[in-house]
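Let's take a walk through a protein chain, piece by piece. Have the picture open and follow along.

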Amino acid sequence: MTPYTTLPDKAFWRKAIADKAIFDINGLWLPKAVVGKQDPVVTYGSCFAQHIGKTLKERGFNRLVTEFAPAHFPNDVVAQYQYGVFSARTGNIYTTSLLEQWLQWAMDESGVPDEYWQNGDSYFDPFRPAIEPGGFVSVEEMRLSRLSAIRCFKKSIIKAKFFVFTLGLTESWFNKEHGYEYPMCPGTVAGEFAEDKHQFVNQEITQVRTKLFSALQKIRTLNKNIRVILTVSPVPLTATASGEHVLVATVYSKSVLRAAAGIISQNHEWVDYFPSYEIINSAPFGSIFFEPNKRNVNAFGVSFVMDAFFNAMYPDAGYASASGKALIASQHPKKQQNRQDEICEEALLDAFGGKK
């Protein structure tokens, strides 16, 4: 007898992976708690978090939104102005340090910076640079909108039972003088880059883990009963400022994020980890869940991930959407071109490719 003798099939690669058809691979997640249909769930994080929020709503769960568009906005304008993309109008929160920064603002632990970016007669929020297409008409309007987002962000945490956060990046940009973080490099979406003012930091495991746990502790201070589900975005980097090849930089970033999330989840009963990154990127699935650009996750991939999420919690409810069979039957992933893509400022970095 050895410790391996009595292990279940899922512990062995041959039994759990090699001997199965890829769409029969299951049991990848054992949830620490089940999300009930009526449980308020808030979603934040990187671009892939948008799929989770959307699917929760589509499948009849209580995805909580606390910041709403004006009543006269048509649906396409609502999406364009990022109402409902996340539970509050924060824009993408790519890093764990940026999440902590939002919580510091929400809890009045640090002042909200006065910085704004101006382009002609338009004003942009450095911390939500793509939130208002064309910019705000005044600095005051921009600041009021930001304060509204902070209040709604705090409200969503207080009212939620589950906080779902998708970790996206380790690469980050900071204001050198004041130490606060931007979601994107100034000058990419809006603003102007200045080498003497802006600093690149590729965060390492200790920093990511410390910031993540600090943020989660603040969330529990606001809501002592809230539960957290962490996941890592499977979407590769659009571009890297690290000096490494973008593939190497992507593996570094995702590995650090996965390790940090795993360590915290293993050590805290109220924190869980869902393996969306592993499902999309693992060897058994090859690259079948990616669009032809090898970066964007196609609709079948999103569906397969979300099936795994719901089937783990409700194994007898029949949430599977036969995404695998549909993919095999179609063999035409390009047909998914007309789907509504997630809003992802980081993807705009592709426009700088080849420029000197």
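Start with one pair of residues: Val41 stands opposite Phe162 in strand 4. Strands here are DSSP runs of E with at least two residues, helices are runs of H or I with at least four, and both are numbered from the N terminus. Two strands pair if DSSP finds at least two bridges between them.

Before going on, a word about where this comes from: the model is predicted, so local features need pLDDT of at least 70 and side-chain atom pairs count only at pLDDT 80 or more, while totals for chains, interfaces and linings use all residues. Residues are numbered from 1 along each chain as its sequence is written, and side-chain values use heavy atoms, with hydrogens and water left out.

**The parallel sheet**

Val41 sits in strand 1 (residues 41–45), and this strand runs parallel to strand 4 (residues 162–167), joined to it by five bridges. The table lists some of the facing pairs, along with one from the other side of strand 4.

| Residue | Stands opposite | In |
|---|---|---|
| Val41 | Phe162 | strand 4 |
| Val42 | Phe163 | strand 4 |
| Tyr44 | Phe165 | strand 4 |
| Thr166 | Thr231 | strand 8 |

Strand 4 also pairs with strand 8 in the parallel sense, over six bridges. Put it together and you get an open sheet of four strands in the order 1-4-8-9, with parallel pairing. Strand 1 and strand 9 are at the edges with a single partner strand each, so one side of each has no neighbour in the sheet. On average, neighbouring strands of this sheet are turned by 20° against each other, direction ignored.

Is strand 1 buried or exposed? Five of its five residues are buried, so the rest of the structure largely encloses it. (Buried means under 20% relative accessible area, exposed over 50%, and partly exposed in between, using a 1.4 Å probe and protein chains only.) Both faces are covered, with Val41, Thr43 and Gly45 buried on one side and Val42 and Tyr44 on the other.

Strand 4 is mostly covered too, with six of its six residues buried. On one side you'll find Phe162, Val164 and Thr166, and on the other Phe163, Phe165 and Leu167.

**What lies across the sheet**

Now look at helix 2 (residues 49–58), where seven of the 10 residues are buried. Helix 2 lies across strand 1, strand 4 and strand 8, running at about 160° to strand 1. (Axes are lines fitted to C-alpha atoms, for helices over the stretch in contact, and angles run from 0 to 180 degrees between N-to-C directions.) Its buried residues, including His51 and Leu56, pack against strand 1, strand 4, strand 8 and helix 9 (299–313). Just after helix 2, Gly60 takes a positive phi of about 85°.

**The nonpolar cores**

Which residues touch the most other members of the largest nonpolar core? They are Tyr44, Phe153, Phe163, Leu216 and Leu230, out of 50 residues in that core. (A nonpolar core is a set of buried Ala, Val, Leu, Ile, Met, Phe, Trp, Tyr and Cys residues joined through side-chain atoms within 4.5 Å.) Among the elements that each supply at least two residues of this core are strand 1, strand 4, helix 5 (139–159) and helix 7 (246–267). Apart from it lies another core, of 29 residues, among them Phe274, Val297, Phe309 and Phe310.

Leu230 is worth a click. Leaving aside neighbours within four places in sequence, Leu230 is in contact with residues including Phe165, Leu167, Leu216 and Phe274. (Contact means heavy atoms within 4.5 Å.)

**A helix pair and a second sheet**

The axes of helix 4 and helix 6 come within 8 Å and cross at roughly 30°. That makes the two helices roughly parallel, a label for angles under 35 degrees (over 145 is roughly antiparallel, 65 to 115 roughly perpendicular, and the rest oblique). Leu99 and Leu103 of helix 4 and Leu212 and Ala215 of helix 6 are among the residues making the contact.

Elsewhere, three strands form an open sheet in the order 6-5-7, with antiparallel pairing. Strand 5 (residues 171–175) and strand 7 share five bridges, and Phe174 stands opposite Gln199 in strand 7.

**The whole chain**

Zooming out, the chain has 10 helices and nine strands. Of its 356 residues, 51% count as buried. Residues 24 or more positions apart account for 70% of the contacts in the chain with a separation of 6 or more.
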